[in-house]
Amino acid sequence: MDFLKSAMASAIAQGPPFPYTFGDKVDVDASIWTLYNGTRRADGSNCSIFSFDVTANKARLPLAKNALKKLRTMRHPGVIKVLDTVETDTYIYIATERVVPLRWHVKRKSLSPETIKWGLYSVARTVKFINDEGSSIHGSLRVASIYTSESGEWKLGGFEILSNVKDDEAIIYRYGSLVPDSARYTPPELARSGWDAIKKSPHSAVDAYNFGTTIFEAFNGDFMGADQAGQTKGIPPSIHAGYKRLVNANPKARITVGTFLEQGRRSGGFFDSALIKLTEGIDNLGVKSESEREEFLDDLDQLSDDFPEDFFKMKVLPELLKSVEFGGGGPKAFGVVMKISTKLSNEDFEARVQPVVIRLFGNPDRAIRVCLLDSLPVMIDRLPQKVVNDKIFPNMVSGFTDVAPVVREQTLKSVLVIITKLSDRTINGELLKYLAKTANDEQPGIRTNTTICLGKIAKNLGTSTRAKVLIAAFTRSLRDPFVHARNAALLALAATCEHFSEEECATRILPVICPSLIDKEKLIRDQANKAMEVYLQRIRKAAASMPDTVQPPPQTTEGAGPRMSTPQPSEASSWAGWAISSFTNKLSAASGEMQTNASTPARALSPTPGLDPNRRVTSTTSSASALHRQAVKSPSPAPPLSRNSTGSAAEAYFKDPDPVEDDGDAWGDMGDMDDDGNAFFDAPSEAAKPSKKEAAASPTPFDDGSEPDFAGWLAAQAQKKSGPGGSKPLPKGLAKSSTANGKGSTATAKKPLTTRSASKPIVAKKIDTKPKETDDDDGWGDGW
């Protein structure tokens, strides 16, 4: 093979220029020609080269020269197209369009019956042209003389003995028997009388017989001799009658190929098929009227998948693309283009369809735009990411703001198709900007589809802005008056739960879902419950992995009782624990020093005696009312307000004198309780009512609305103790003087209280057995 190529290259170098490069050799039937695949040097386009070696086959040189002459002069769509020829004393080269021998397809039986009919129809038209318009005889019609082009069309060659009947010295008479394998295909009359018998019969008789044998060979794969002529094996029944008349032994009784063609083209004839109509209508598609074009496209769209792919790719597709782009073919033509393009290789699609698609996205025709968007799922996998992101998407975004709702909606739906082909910058920038506009569209369906779209592309959004964008979009949709928009928001929230943190789920999403639980529409209520359950499960799972508390463990001294200001875990769980801590924290948070009245003599504090045997021990779990009255009405002096950590009087006041004492002592001198658990204070019961009246006559203490007025309570107690019914004066530093008319009190010079015992004196109390006055609560309650 390399030797042949080098020999041809040297021969070309010595002869006239031949601007084609030889490629691989192509196997053909017995022929005077050697067929090669070739390429044109100027543009690299494909071609075929028929080569004849004069030196090796000099006896058949007249046949080669006749074929060269006839191919140059015979111009017909059904004849192989000649590109260039070279003739020297040693070789003849004929460069033609790229062709493949029909024998390849026939041997493999790769052609469907409809495709064979379509090919025979094309050959019949060419033979009719040669016989009628050309007044010539082909003389060597068979499968070996037929080739298929890149478009799948059957092209006629084998013009070695093609002759004009008007030429008495035609080559067919002298050299007809030199054609390779001619004996198998020779008509009976020529086999008996020689080639001169052609003059005694209609000149079309030879081609009619050979066309009949070609029909048999195409459907059965081979033709062995004259004894098979007339057999109908493998031939469709609709052709039987015409086929038998073609191979009639009597040349004068044979019908011409032209007659056979006319019979087949009649309504219901064997050549009346959609594929044949397509071949006749595709060439003049651009000049058809609108109604004719619609009819043609309808027929084209109904074609089944067993038609020749090459013909659709090379002939139909280019014409349809031109019709869509320039000839007004419209969406229907583009739909057929997409149907054909599914059979194309990626290389063919990129070369033939992709450039037109890119240009069409810039077309302002809304019908074309919608058709393009509808067809995106079919072709998106074949479009490179760079093409989609840089060329298609910039033209496509105009659909988001189109005045036609159908264009906006179809553009929105196409986002799901192209999202994988867009860059992160495009998605998180320009795309989200346009989706924000469609989320506020006047059409409720477009708003709903925007929510659905965001839910489906959530995984493609940037992680830094994903949660912010989705929460803002979905919470807005939850307030949409359109019921399906709200439903879509709930569905999207449930589907995108994994993209939010537990904190966002609890603080931002669940609060906006809750109103949907009582939506007027049951559809929304049901979906809200489902979405709520999804997020609750997520939060419960997260909460289960959290620690019980982040507070440090309490620091307690072994053997010491609990302080009133620091409730123990058992107390913290009771409902009164917050009140105890609040009151004691109020005391410990005060600042400054308490000073005594200069006119009041200081009273020495006695050491703490032992516990009164008649005193009833109170539990720290007493009711809140009793605890508050004990804390407010205690006659013990307030602690000094110094923050000294070593000698603080407040610490001494609240410190338990003995670790083994009952917990009730921690509250100071709380007194006894009656059967109802109510505490009584130091003053005798007889003086309770006058003291209350005097306290009521005193000025109203400042009330901050939440904490007790401790200073006001001290003034009221001082007035009560100094009155006629009083028992003991307040300790130095806590007494306040009152005006004569009872309207106010004036503080005199005070000096700091510098000493204080570590414990309180316990005063003997008298138990009052009378029923408790109902005004008692109001007396201490006025201080809050």
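These legends go with a set of close-up views of a predicted model.

**View 1. The whole chain, before zooming in.** The predicted protein has 31 helices and twelve strands. Of its 784 residues, 46% are buried. Take the contacts between residues at least 6 apart in sequence, and 66% of them turn out to join residues at least 24 apart.

**View 2. Phe18 meets Tyr93, one of the aromatic pairs.** The model holds 19 aromatic pairs. In this one, the ring centres of Phe18 and Tyr93 are 5.4 Å apart and the planes sit at 45 degrees, so the pair counts as tilted. Phe18 comes from the loop between helix 1 (2-14) and strand 1 (20-26), while Tyr93 belongs to strand 5 (residues 91-96), so the two rings tie together parts that are 75 residues apart in sequence. Phe18 is buried, at a relative accessible area of 2%. Tyr93 is buried too, with a relative accessible area of 2%. Zoom out a little and both rings turn up in one aromatic cluster, formed by Phe18, Tyr20, Phe22, Tyr36, Tyr91 and Tyr93.

**View 3. Phe50 and Tyr147, edge to face.** Here the ring centres of Phe50 and Tyr147 are 5.6 Å apart with the planes at 85 degrees; anything over 60 counts as edge-to-face, so this pair gets that label. Phe50 lies in strand 3 (residues 46-53) and Tyr147 in strand 8 (residues 146-149), so the pair ties together parts 97 residues apart in sequence. Both Phe50 and Tyr147 are buried.

**View 4. A lysine over a tyrosine ring.** Look for Lys199 here: its charged end sits over the ring of Tyr173, 4.5 Å from the ring centre.

**View 5. Val26 and its surroundings.** Val26 is part of strand 1. Its relative accessibility is 5%, so Val26 counts as buried. Skipping residues up to four places away in sequence, Val26 touches Leu35, Tyr36, Asn37, Pro101 and Trp104. One of these, Tyr36, is also a member of the aromatic cluster in View 2. For a sense of scale, Val26 and Val99 are 73 residues apart in sequence, yet their C-alpha atoms are 9.9 Å apart in space.

**View 6. Helix 4 against helix 11.** Helix 4 (residues 113-133) packs on helix 11 (residues 274-282) at an angle of about 40 degrees, with the axes 9 Å apart. That angle makes helix 4 oblique to helix 11, and the crossing is right-handed. From helix 4 come Glu114, Thr115, Lys117, Trp118 and Tyr121, and they meet Leu275, Ile276, Thr279 and Glu280 of helix 11.

**View 7. Lys117, a buried lysine in helix 4.** Lys117 sits in helix 4 and has 12% relative accessibility; the cut-off for buried is under 20%, so Lys117 makes it. Neighbours within four places in sequence aside, Lys117 is in contact with Pro236, Ser238, Ile239, Phe270, Phe271 and Ile276. Ile276 is one of the helix 11 residues in the packing of View 6.

**View 8. Helix 13 running against helix 14.** The axes of helix 13 (residues 309-325) and helix 14 (residues 330-341) come within 9 Å and cross at roughly 150 degrees. That makes helix 13 roughly antiparallel to helix 14. The crossing is left-handed. On the helix 13 side you'll find Phe312, Val316, Leu317, Leu320, Leu321 and Val324; facing them in helix 14 are Gly330, Ala333, Phe334, Val336, Val337 and Ile340.

**View 9. Helix 14 again, now with helix 15.** Helix 14 also packs with helix 15 (residues 346-360), at an angle of about 150 degrees and with the axes 12 Å apart. So helix 14 is roughly antiparallel to helix 15. This crossing is left-handed. Phe334, Met338 and Ser341 of helix 14 make the contact with Phe349, Val353, Val357 and Leu360 of helix 15. Phe334 is also in the list of helix 14 residues that meet helix 13.

**View 10. Thr496, tucked into a loop.** Thr496 is in the loop between helix 22 (483-495) and helix 23 (502-513). With 1% relative accessibility, Thr496 counts as buried. Apart from neighbours within four places in sequence, Thr496 is in contact with Gly455, Ala458, Leu470, Phe474 and Tyr535.

Key:
Residues are numbered from 1 along each chain as its sequence is written. This is a predicted model: local features need pLDDT of at least 70, side-chain atom pairs count only at pLDDT 80 or more; totals for chains, interfaces and linings use all residues. Side-chain values use heavy atoms; hydrogens and water are left out. Rings of Phe, Tyr and Trp (its six-membered ring) pair if their centres lie within 6.5 Å; planes under 30 degrees apart count as stacked, over 60 as edge-to-face and the rest as tilted. Helices (H or I, at least four residues) and strands (E, at least two) are DSSP runs, numbered from the N terminus. Buried means under 20% relative accessible area, exposed over 50%, partly exposed in between (1.4 Å probe, protein chains only). A charge sits over a ring if NZ of Lys or CZ of Arg is within 6 Å of the ring centre and within 35 degrees of the ring normal. Axes are lines fitted to C-alpha atoms, for helices over the stretch in contact, and angles run from 0 to 180 degrees between N-to-C directions. Angles under 35 degrees count as roughly parallel, over 145 as roughly antiparallel, 65 to 115 as roughly perpendicular and the rest as oblique. A crossing is left-handed if the near helix is turned anticlockwise from the far one by less than a right angle, and right-handed if clockwise. Contact means heavy atoms within 4.5 Å.
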